[in-house]
Amino acid sequence: MANEVVLLDTWVSSFGMRVRIALAEKGIKYEYKEEDLRNKSDLLLKMNPVHKKIPVLIHNGKPVCESLIIVQYIDEVWNDSSPLLPADPYQRAQARFWADFIDAKVQSVTRRVWTTKGEEQEAAKKEYFETFKILEGELGDKPYFGGETFGFVDIALVTLYSWFYVYESFGNFSMEAEFPKIMTWVKRCMQKESVAKTLPDQKKVYGLVVDLRKKLGLD
Amino acid sequence: MAEELKVFRTWSSPFALRVVWALQLKGVPFETIYEDLSNKSSLLLQYNPIYKKVPVLVHNGKPLAESLVILEYIEETWKQTPLLPQDPFERATARFWARFGDDKVLPSIWNVFIKQGKEQEEAMVTAQGSLKYLEEELRGKKFFSGEKIGLVDLAFGWIANLVDVFEEVKGVTLIDHENHPLLLAWKQNFMDAPIIKESWPSRDKLITKYHAMLEAYTAKEAAAK
């Protein structure tokens with residue numbers, strides 16, 4: 001049976017980028033469909049009726065939703081090369097724990113860093129800093145979060161790099177100054193074609209956010 | 001080396017109960033350590049420094065936290081009585097519903113229980129929306145996982161015993177025969193299943209606990225105004 005892979009996504013989504021990196025790592029050919037989230041396609045609403053969100057991977061007509069679940073699915077189906085999760089069950093569990101941490105703690109605070117002001121923003125920044133400090137601790141001196149090879153946790157976090165300029169500009173801080181180990185790790189990840197070709201330019205993301213802030217009445 | 005397996009839990013934590021069920025269903029022996037969350041042991045803090053919560057599983061000295069992560073580890077380590085299907089698409093679907101439960105169903109039902117007035121009304125609308133998906137998901141199935149109990153059922157296990165505790169303490173109806181006949185049937189099947197039925201925490205103790213929690217929260221909110 002032909003392998004038909006479609007990805008519903010938006011270019012700027014750090015969640016969607018995770019899926020694109022995974023697909024690139026595995027060398028999977030797919031059709032990319034850019035969604036307009038203010039005017040969601042019938043296909044998106046049909047394929048993700050519960051959340052109505054991107055990314056959605058449609059494999060031979062069947063939808064898989066939630067970016068980390070999609071990445072695991074990709075790893076399990078295309079399991080003949082470039083493993084994204086470790087083979088050892090304990091290492092796998094650690095990878096799932098940290099990817100989950102990134103969603104629970106990092107993704108939840110970043111929006112507040114660029115959409116709030118004053119005390120609220122200071123609180124968001126404090127949380128953001130604490131979270132990245134924990135991540136730097138977990139990375140340690142390893143080349144990647146998973147150890148010697150690029151994997152699940154790296155994929156979960158590196159997509160935020162395209163948004164760093166947004167957080168730095170509106171939060172008024174420097175990632176390089178605050179988290180040099182993270183930035184070294186980012187540069188290492190960006191050497192990989194799958195990452196470099198997937199992540200949009202930081203300035204492009206910033207431009208979109210400037211427009212978005214005006215629409216949200218923040219500027 | 002002898003297998004050393006410990007589970008850190010509290011008597012009431014629904015998340016820890018998932019881990020207990022998974023190990024018991026697979027017939028894996030383990031040692032239980034009960035924590036007092038108002039006075040956490042140094043071991044718990046050492047094993048789960050990030051969240052400082054239960055459950056924690058310690059296997060041959062190596063700790064794991066977060067119940068859904070632990071369930072997948074248990075599934076991969078002890079292969080008898082599988083809790084997840086083999087097919088990747090079905091596995092992805094199971095993971096989706098487990099996350100939906102924790103990210104959407106649980107918070108909205110919790111808010112129906114703990115909040116008042118308009119906040120509670122809005123939470124009820126969200127909760128009913130979520131429960132509708134669960135009802136649909138059970139169509140043609142005895143358990144969320146099919147004929148046998150699986151990971152999704154364990155993830156939703158708290159619905160079987162805690163929801164009616166919330167309903168009784170708060171005086172509200174969340175799940176009813178008219179709107180959720182399948183969910184009520186699932187609840188009965190799950191409550192009565194072997195192994196599952198032996199490990200429910202005492203309902204009376206839960207009523208007392210959540211009654212006290214609701215009172216304390218309500219008083220705190222009133223004082224804050």
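**Exercise 1. Where is the place of Pro55(A) in chain A?** Then look at the peptide bond before it, and do the chain B version too.

*Solution.* Keep in mind that this is a predicted model. Start with the location: Pro55(A) sits in the loop between helix 2 (42–47) and strand 3 (56–59) of chain A. Next, check the bond that joins Ile54(A) and Pro55(A): this peptide bond is cis, with omega about 0°. Now hop over to chain B. Pro55(B) is found in the loop between helix 2 (42–47) and strand 3 of chain B, and the peptide bond from Val54(B) to Pro55(B) is cis, with omega near 0°.

**Exercise 2. Work out the strand order of the sheet in chain A, and find its edges.**

*Solution.* Strands of a sheet pair through backbone hydrogen bonds, either parallel or antiparallel. In chain A, four strands make an open sheet in the order 2-1-3-4, and the pairing is mixed. Strand 2 (31–34) and strand 4 (62–65) of chain A each have a single partner strand, so they stand at the edges with one side lacking a neighbour in the sheet. From one strand to the next, the twist averages 20°. For a close-up, take strand 1 (residues 5–9) and strand 2 of chain A: they run parallel and are joined by four bridges. Pick Leu7(A), and its bridge partner in strand 2 of chain A turns out to be Tyr32(A).

**Exercise 3. Do the same for chain B, then find the helix that packs on the sheet.**

*Solution.* The sheet in chain B is open too, with four strands in the order 2-1-3-4 and mixed pairing. Its edge strands are strand 2 (31–34) and strand 4 (62–65) of chain B, each pairing on one side only. Now go to strand 3 (residues 56–59) of chain B, which runs antiparallel to strand 4 of chain B, with four bridges between them. Leu57(B) has Leu64(B) as its bridge partner in strand 4 of chain B. Finally, the helix: helix 1 (residues 14–25) of chain B packs on the sheet and touches strand 1 (5–9) and strand 3 of chain B. The direction of helix 1 makes about 150° with that of strand 1 of chain B.

**Exercise 4. Describe how helix 5 and helix 7 of chain A pack.**

*Solution.* Two packed helices are described by the angle between their axes and the distance between the axes. Here, helix 5 (residues 118–139) and helix 7 (residues 164–171) of chain A pack at about 135°, with axes 12 Å apart. That angle makes helix 5 of chain A oblique to helix 7 of chain A, and the crossing is left-handed. Who touches whom? From helix 5 of chain A come Gln121(A), Lys125(A), Tyr128(A) and Phe132(A); they meet Phe164(A), Tyr167(A), Phe170(A) and Gly171(A) in helix 7 of chain A. Sort the residues of this contact by class and you get five nonpolar, two polar and one charged.

**Exercise 5. Which aromatic pair does Tyr128(A) form with Phe173(A): stacked, tilted or edge-to-face?**

*Solution.* Across all chains, the structure holds 38 aromatic pairs. For Tyr128(A) and Phe173(A), the ring centres are 5.4 Å apart and the planes are at 55°, which gives a tilted pair. Tyr128(A) belongs to helix 5 of chain A and Phe173(A) to the loop between helix 7 and helix 8 (175–178) of chain A, so the pair ties together parts 45 residues apart in sequence.

Definitions and conventions: Residues are numbered from 1 along each chain as its sequence is written. Chains are lettered from A and ligands numbered from 1 in the order in which they are written. This is a predicted model: local features need pLDDT of at least 70, side-chain atom pairs count only at pLDDT 80 or more; totals for chains, interfaces and linings use all residues. Side-chain values use heavy atoms; hydrogens and water are left out. Axes are lines fitted to C-alpha atoms, for helices over the stretch in contact, and angles run from 0 to 180 degrees between N-to-C directions. Helices (H or I, at least four residues) and strands (E, at least two) are DSSP runs, numbered from the N terminus. Angles under 35 degrees count as roughly parallel, over 145 as roughly antiparallel, 65 to 115 as roughly perpendicular and the rest as oblique. A crossing is left-handed if the near helix is turned anticlockwise from the far one by less than a right angle, and right-handed if clockwise. Contact means heavy atoms within 4.5 Å. Ala, Val, Leu, Ile, Met, Phe, Trp, Tyr, Cys and Pro count as nonpolar, Asp, Glu, Lys and Arg as charged, and the others, Gly among them, as polar. Two strands pair if DSSP finds at least two bridges between them. Rings of Phe, Tyr and Trp (its six-membered ring) pair if their centres lie within 6.5 Å; planes under 30 degrees apart count as stacked, over 60 as edge-to-face and the rest as tilted.
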